[in-house]
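Me: I would like to go through this structure by asking, for each term used about it, what justifies the term. Please set each value against its cut-off.

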Number of protein chains: 2
Amino acid sequence: MANSSSDTSRKNVIELNDNKAGMTGIDKARISQIIEEASRGSKFYQRQQAKRQADAKRAEETRRKIDALSREALQAGERAGDAEIRRAVSAADFSRTHVHIDMDAFYAAVEMLDNPRLRHVPMAVGGNDMLSTSNYAARRFGVRAAMPGFIAKKLCPQLVIVPCRFRRYKEVSRQVQAVLADYDPQFSAASLDEAYLDITDHLANRQAINLLPGPKATSVAELRYRVFISSSLTASAGIGPNPMVAKIGSDFNKPNGQYRVAGSSDRVLEFIRQLPVRKVPGIGRVTEAWLNSLGVSTCRDLYEQRGALYHACRPLTYQFYMRACLGLSGGFGYGRNGPDRKSVSVERTFQATDSLTWLLDEKLPELCESLVRHLTKSGFLGRTVTIKLKLDTFEVLTRSHGLPSATDSVQAIQSAAAALLRQEFLPGRPAPRIRLLGVRVSSLTPRKAVIADCSSGVGSAGPKQARLDELLVRSTKTIAETSTKTNTTAAVCSSSSNETVSKSSTPVTSSTSENASKFNLVESTSVETKTSASSASESALSCPICSASQPGGLAGLNRHLDFCLSRSAIQTAVNDYSNDGSACFTPGSNSASSRKRIEAASSSGRPAGGSASGGGKRARIAADGRTGVGTI
Amino acid sequence: MANSSSDTSRKNVIELNDNKAGMTGIDKARISQIIEEASRGSKFYQRQQAKRQADAKRAEETRRKIDALSREALQAGERAGDAEIRRAVSAADFSRTHVHIDMDAFYAAVEMLDNPRLRHVPMAVGGNDMLSTSNYAARRFGVRAAMPGFIAKKLCPQLVIVPCRFRRYKEVSRQVQAVLADYDPQFSAASLDEAYLDITDHLANRQAINLLPGPKATSVAELRYRVFISSSLTASAGIGPNPMVAKIGSDFNKPNGQYRVAGSSDRVLEFIRQLPVRKVPGIGRVTEAWLNSLGVSTCRDLYEQRGALYHACRPLTYQFYMRACLGLSGGFGYGRNGPDRKSVSVERTFQATDSLTWLLDEKLPELCESLVRHLTKSGFLGRTVTIKLKLDTFEVLTRSHGLPSATDSVQAIQSAAAALLRQEFLPGRPAPRIRLLGVRVSSLTPRKAVIADCSSGVGSAGPKQARLDELLVRSTKTIAETSTKTNTTAAVCSSSSNETVSKSSTPVTSSTSENASKFNLVESTSVETKTSASSASESALSCPICSASQPGGLAGLNRHLDFCLSRSAIQTAVNDYSNDGSACFTPGSNSASSRKRIEAASSSGRPAGGSASGGGKRARIAADGRTGVGTI
DNA sequence: TCGCAAACA
DNA sequence: TACTTGTTTGCGA
DNA sequence: CAACAGAAC
DNA sequence: TACTGTTCTGTTG
Ligand SMILES: Nc1ncnc2c1ncn2[C@H]1C[C@H](O)[C@@H](COP(=O)(O)OP(=O)(O)OP(=O)(O)O)O1
Ligand SMILES: Nc1ncnc2c1ncn2[C@H]1C[C@H](O)[C@@H](COP(=O)(O)OP(=O)(O)OP(=O)(O)O)O1
Ligand SMILES: [Mg+2]
Ligand SMILES: [Mg+2]
Ligand SMILES: [Mg+2]
Ligand SMILES: [Mg+2]
């Protein structure tokens, strides 16, 4: 009778997520215990507990379902898996060289750069309520991204927390990306701190000029070196025949390291087989737990359990698993002009309230106005409006509605959102207590003729995704056979054909770095990004705008002239801005200068984890635009 | 050579402000020391230091100026003072009975009411970054309003801080005010937690009905008792012949006490003479220090130093001092339809930034849109736009500009504000680092014909300010003569004709409270203020709005109908709202019900302190609408 | 009219 | 980590 | 299409 | 005191 999910209680409800570079070999149990104690009894904790229960239940259901499978069903599953694998392999292309670059402890590294006192202490970026990331010293204490600051302090009382300066990181990101563009002008930025490159052409050009014909890894080390020279920050890199292995590789020797998986099916399999499924991007905490409970821990297990798995998930997910265990999963790096953005949203956490009036009169307008600024700036109209509510229990609800036509009007969006919100405060039920309100618009269509183009800075050309369609059969067996262990400790350089570059205090490119400047590099190391004071220089012109006579005497009149000049300049700029939607809007009449660059739309495009409900960690910020963790 | 202002260093830069009920007899020096240590070295601290220096310098200048005065000048000053006093006294009216009611530890008391666990511990309302107020237990530790939470924690590690719930306090405030209205329908609310009443008429009516002819203090005790019955909160009261002494009196026996100054010139003087000048509303920390340095500590000193003082300040301020030392200062309670509001402003603190772009594109629009919501809601147009900047050094700047005509358009206000902001980022200077941006509009004129009237709930009639113009001479001597010490320890009830009501756990009105309901009381004790779920009941009507055909089948269509109904209801409501500007906007088509009441415009109207530059305490909040301390 | 500083809740 | 927000007043230029 | 959940940075 | 904000994807009904 006793439901087996009832003994979830023996495990910690909130456990340290140590799936991050720099967190190996730490005392996970002790740290988890501290986290648990700091949270126990809170509403957040209770919600986590409920989610974990649901996870366990779902896993149990899946297990039951699998146990009930007939031998025939299992074999059918395996056949389906083999077919999937055949298709994936036949579409695979091992001829190109993909690189994934990921900055080390990015926000934290920037802060350490700007403030030397932070360099030798455990520190994190964020606020008391939520951290965006931590440096590697702090990670030794269990302090990491998405952890509340006040808990981090319990793990590490000496921890120094510094507030988030998103725009600064964006500046630095631009410097880094300027280097990347030299290796692949079409590189695809997945976030401020990471990007996918296809350096095949770059390598070819290199060879053509007959310079530095060394191994691919050398070029990448050089790239990292140049990033360091340009930004004073270290990056890690993964190199492989497709973006997936490149991505995994970039984490392999973090920080300040790189790892290469050679461009052959065998080498890829050798690398991937032994990896815990959690390393596969797209398999997160919940899916990992779900898979583990089905006896799947490593990617090899994914293959071996393919018969059962087939019956445990939907076809698309199954395809994802099969490709993942081959190291061939797709959907990572898009081209620079990758797919248009699909939604724009704004959400904010606040003191929980049950006042519909306040939500409608104060919060919703703020959100909608902010949303429309973003929407307008990005040059889209939206047709679907979704509101998001987080209750004070941390449960999340969404409600959406399709408008008759696409819009970017505050009026339209706000009234739709308001209607949705009001539906949640109907007379019968007790008013919900809301701790977060969000508004999203989707079903986007580009506004007007010319879409706002923010990307004109670096490069432009077409898509670049390594396509995973038709190709050859073979390797099905290869997986089942090769089961030798590969050296994962990353020490000896090129001990196998999968190469490792060891970590030193700065990236070393032997002699390569000397010649780096021979490639068509713009010496754009220190991009001047403070657009602040620009465009005020037009105050020399004279202009009668305000028309009305101005009291205030001599100096007063002069001041007024300056003022109106300045005001008209702004009008001009505002128009420019709404018309071209530039991300890096520099106000003023003397535009034309100022570098514009795309804001790196975060796109990963991998399938979501299984079908489990499972956990998740959320946290609060501490302030308006104060110390928050947000991206704007 | 050594400037005398250089030895300011011996005193604490940031000193505990213990000028608050519940903070007498605490170890100010020790507490100040802790505060000092918690702050030392911070930018905030440095700014305070600079201000204190400036204070000291100005005081020194004043002292020098006074020392240089001739005997004739001093005598002329005294004559001017005497004239001022003659005028004030001749205008004085001791025939009416004014009452000032002030809730005890208001926000904190509400929280203690709502959460019994807080009742017996030191607690405060606010966030880690700033407290709005504290309960009396916390005050024993030096914890008080306008103190950052993290410093409060050092003073009192057990302190419990609970977030601010402004709307809840507003609800409670309405309950309290409903009681006050029975004693003076024209009462003037100075803030959520305090009000001025003129109960002369009430007392007359009482006597007319021949009920409870007891002393005035009894009526007030009864009032406080009724407040307690209605709200479960205690209030303190001051009773006197004018609002000034009433105001001072309400603090005299706080918490849960009252004090009466009888309505004669002698009694008022007896009361006022011995008071530290700091007790006079309008004399704050800086002015106190300035006066002290001139040898003026008590109100009597104000009189005695009137000759010198005359030469140390401007006529208006001098008049204020002279009236203050008579206990006759004016400008306190207005009538319910007191003067229209003079400005509307919004300001926000954030992580300091030097990015003009961000300020212009993100923050300024937010502020302006929020501002215009308030402006619209209050039914005004404004002609003057002022921006406020706080630098990361905590220096504050304001820049303003008069528009050609009054407006409430976001466009107009924002572009003016933007122009002003841009002026602070001119090419020459280094970009300032801004930690706070604010926008204010002033020179208000009521919008359209009918001004939005939110006050129709309680009472309506005209102004009520006790006027302090022409009257009789006399008391000049009276002051100089009576110098006996009056009992300030407030224990024995009516030991003099200045009455004290001792504190008990609830206000005691002997038998009075029994008869209270015989006065024309609405039994409006529990005003239902949750306007939340109203107006959703119209979803029974059918309505084709969206016109376009809706996909989604049967239930889908029904849902869509509900939606559009709801949406149209909102439209209606929004229109209502912008047309009548009601403060207590209840959305929905079925309006007509729902009590409306004025939002108690905070008006005090006393002269500003001296002319020194001097100190001030500022602090940060922690979040958006999160834990903040703000009034909206 | 503008900028600053003080005051209060 | 971290020192508010909204409104009014007076002084001095 | 709408709601939910997982994932990533 | 206190557990984020933005975007995308897949599953389920
Ligand atoms: N959960 C999160 N919430 C908000 N911001 C985040 C979150 N995770 C990461 N970020 C921000 C801060 C990071 O510095 C930046 C890049 O993320 P990521 O590359 O995953 O980590 P990292 O660069 O800080 O460390 P590393 O890559 O060395 O593990 O994105
Ligand atoms: N500096 C401030 N900043 C923000 N809000 C404040 C500030 N001071 C007071 N408040 C709010 C919280 C208070 O409860 C409320 C009433 O103020 P006030 O009457 O002066 O103190 P109080 O009612 O908390 O204690 P008491 O009146 O018993 O001394 O106004
Ligand atoms: Mg990184
Ligand atoms: Mg990254
Ligand atoms: Mg009070
Ligand atoms: Mg008060």
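Reply: Please keep in mind that this is a predicted model.

Me: What makes the pair formed by A:Arg139 and ligand 1 a polar contact?

Reply: A polar side-chain atom of A:Arg139 lies 2.7 Å from an oxygen atom of ligand 1, and a pair of N or O atoms within 3.5 Å counts as a polar contact, so the term applies to A:Arg139. A:Ala105 also qualifies, with a backbone N or O atom 2.7 Å from a ligand 1 oxygen atom, and so does A:Lys254, whose side chain places an N or O atom 3.0 Å from an oxygen atom of ligand 1.

Me: How much of ligand 1 does the protein cover?

Reply: Of the 580 Å² of accessible area that ligand 1 has on its own, the protein covers 74%. Elements of chain A that give two or more residues to the shell are β1 (98-103), α4 (106-114), β3 (131-134) and α5 (136-139).

Me: Why are A:Asp102 and A:Thr133 said to surround ligand 1?

Reply: A residue counts as near a molecule if one of its heavy atoms lies within 4 Å of it; 15 residues surround ligand 1, and A:Asp102 and A:Thr133 are among the closest, so the term fits them. By class, this shell has seven nonpolar, two polar and six charged residues.

Me: What does "buried" mean for chain A, and what share of its residues is buried?

Reply: Buried means under 20% relative accessible area, and 54% of the 632 residues of chain A count as buried.

Definitions and conventions
Residues numbered from 1 in each chain as written. Chains lettered and ligands numbered in written order. Predicted model: local features only at pLDDT ≥ 70, side-chain atom pairs only at ≥ 80, totals over all residues. Heavy atoms only, no water. Polar contact = N/O pair within 3.5 Å; in protein donor to acceptor, adjacent residues only side chain to side chain. Areas by Shrake-Rupley, 256 points an atom, 1.4 Å probe, with all protein chains shown as cover. Helix = DSSP H or I, 4+ residues; strand = E, 2+ residues; numbered from the N terminus. Nonpolar A, V, L, I, M, F, W, Y, C, P; charged D, E, K, R; others polar. Buried < 20%, exposed > 50% of the residue type's maximum accessible area, 1.4 Å probe, protein only.
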